[in-house]
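This report goes from a single residue to its surroundings and then to the chain as a whole. Please keep the sequence and the model in view while reading.

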Amino acid sequence: MAGLTERLLNEGRLEGRQEGRQEGKLDVLLRLLTRRFGPLDAATEQRLQNASASDLERWTDNILDARTLDEVFATH
């Protein structure tokens, strides 16, 4: 029983760290997009909230070359 409890705690910690990293990526991207393009509309904010970690990473990279918000979200 102790082994199961320990395993569940470790899994919970791992999940918490992953969620924290995802939230950090989202926070950074929101800050960068707002600074570069001004206030974001509700649809864009919702899109960001629902994005995967890989989407957030790709869009964060895209912001370096994008001239418009649409270019940030374009697939290359």
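## Around alanine 66

In this predicted model, alanine 66 is in contact with Arg36, Phe37, Glu71 and Val72, once its neighbours within four places in sequence are left aside. Of these residues, Phe37 lies in helix H1, which runs over 2–37, and Glu71 and Val72 lie in helix H4, which runs over 69–73.

## The nonpolar core

Ala66 and Val72 also belong to the largest nonpolar core, a set of 12 residues that further includes Leu26, Leu29, Leu33, Leu40, Leu48, Ala51, Leu56, Trp59, Ile63 and Phe73. At least two residues of this core are supplied by each of helix H1 (2–37), helix H3 (53–62) and helix H4 (69–73), and the largest share, three residues, comes from H1.

## Fold and dimensions

The protein has four helices and zero strands, and the pattern read along the sequence is α-α-α-α. Its radius of gyration is 16 Å, whereas a compact globule of 76 residues would have a value near 11 Å; along the principal axes, the C-alpha atoms fill a box of roughly 55 × 25 × 15 Å.

Among contacts with a separation of 6 or more, 57% join residues 24 or more positions apart.

## Surface and charge

Buried residues account for 20% of the 76 residues, while the accessible surface comes to about 5,700 Å², with 51% of that area belonging to carbon and sulfur atoms. The protein carries 11 positive and 14 negative charges, and the mean positions of the two sets are 4 Å apart.

Conventions. Residues are numbered from 1 along each chain as its sequence is written. This is a predicted model: local features need pLDDT of at least 70, side-chain atom pairs count only at pLDDT 80 or more; totals for chains, interfaces and linings use all residues. Side-chain values use heavy atoms; hydrogens and water are left out. A nonpolar core is a set of buried Ala, Val, Leu, Ile, Met, Phe, Trp, Tyr and Cys residues joined through side-chain atoms within 4.5 Å. Buried means under 20% relative accessible area, exposed over 50%, partly exposed in between (1.4 Å probe, protein chains only). Contact means heavy atoms within 4.5 Å. The radius of gyration is taken over C-alpha atoms; the globule rule is 2.2 Å times the number of residues to the power 0.38. Accessible areas come from the Shrake-Rupley method with a 1.4 Å probe; for residues, only the protein chains shown count as cover. Lys and Arg count as positive and Asp and Glu as negative; His and the chain ends are not counted. The place of a charge is taken as NZ of Lys, CZ of Arg, CG of Asp or CD of Glu.
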